[in-house]
Amino acid sequence: MTGQTILQPVVVLAGWSIVMLLWMLATRIPAMKRAGIRLGDLTGSKPSDADRSLPPEAQWKAHNYNHLMEQPTVFYAVALVLALSGTGYGINTALAWAYAGLRIAHSIWQATVNRVAVRFLLFLLSSLALAAMTLHAAIAVF
């Protein structure tokens, strides 16, 4: 199974996304009840509507969950390319673990403290890891 070790951080980050989903639900639903918002009464609302009605701390988890549905999808695709090309080991696995770890740290930071300067640094570092993985994937398939 040469090149398959890169799939471990893929599974970890996917699992973390489920953790964030549960954390979001555990904080957002009670916040909605406190704000007098009933799911059954909502029609055609959008996520930004909740930003006006719910406390920021409850929304931070939702915002982060949305972030985990954005750039990490590129990570999943690139990691699969690296695994399928037989190059998902060594430095590429290290980069994948760095990416997953930084995204988890980003999630925890955004969901709790949410100071933008640190959050941006975590995002930037994870993006650099993803860029390096993408370059390696391009080298592997072209």
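These are legends for a few views of a predicted model of one protein chain.

**View 1. An all-helix fold from end to end.**
The protein chain has six helices and zero strands. Follow the sequence along and you get the pattern α-α-α-α-α-α. Put a box around the C-alpha trace along its principal axes and the trace spans about 55 × 30 × 20 Å.

**View 2. Inside the chain: burial and contacts.**
The protein chain runs to 142 residues, and 37% of them are buried. Now look at who touches whom. Take the contacts with a separation of 6 or more: residues 24 or more positions apart account for 80% of them.

**View 3. The outside: surface and charge.**
The accessible surface of the protein chain adds up to about 7,900 Å². Carbon and sulfur atoms own 71% of that area. As for charge, there are 10 positive side chains and 5 negative ones. The centres of the two sets sit 4 Å apart.

**View 4. A nonpolar patch on the surface.**
Seven names to look for here are Val116, Phe120, Leu121, Phe123, Leu124, Leu125 and Leu128, which form a nonpolar patch on the surface. Together they put about 630 Å² of accessible area on show.

**View 5. Zooming in on Leu125.**
Leu125 is found in helix 6, which covers residues 116–141. This leucine is also one of the residues of the nonpolar patch. Why can Leu125 count towards a patch? Patch residues need over 30% relative accessible area, and Leu125 clears that cut-off because its relative accessible area is 38%. That value makes Leu125 partly exposed.

Methods. Residues numbered from 1 in each chain as written. Predicted model: local features only at pLDDT ≥ 70, side-chain atom pairs only at ≥ 80, totals over all residues. Heavy atoms only, no water. Patch = residues over 30% accessible without salt bridge, like charges linked within 9 Å, V, L, I, M, F, W, Y side chains within 5 Å. Areas by Shrake-Rupley, 256 points an atom, 1.4 Å probe, with all protein chains shown as cover. Salt bridge = Lys/Arg side-chain N within 4 Å of Asp/Glu carboxyl O. Helix = DSSP H or I, 4+ residues; strand = E, 2+ residues; numbered from the N terminus. Buried < 20%, exposed > 50% of the residue type's maximum accessible area, 1.4 Å probe, protein only. Contact = heavy atoms within 4.5 Å. Lys, Arg positive; Asp, Glu negative; His and termini not counted. Charge placed at Lys NZ, Arg CZ, Asp CG, Glu CD.
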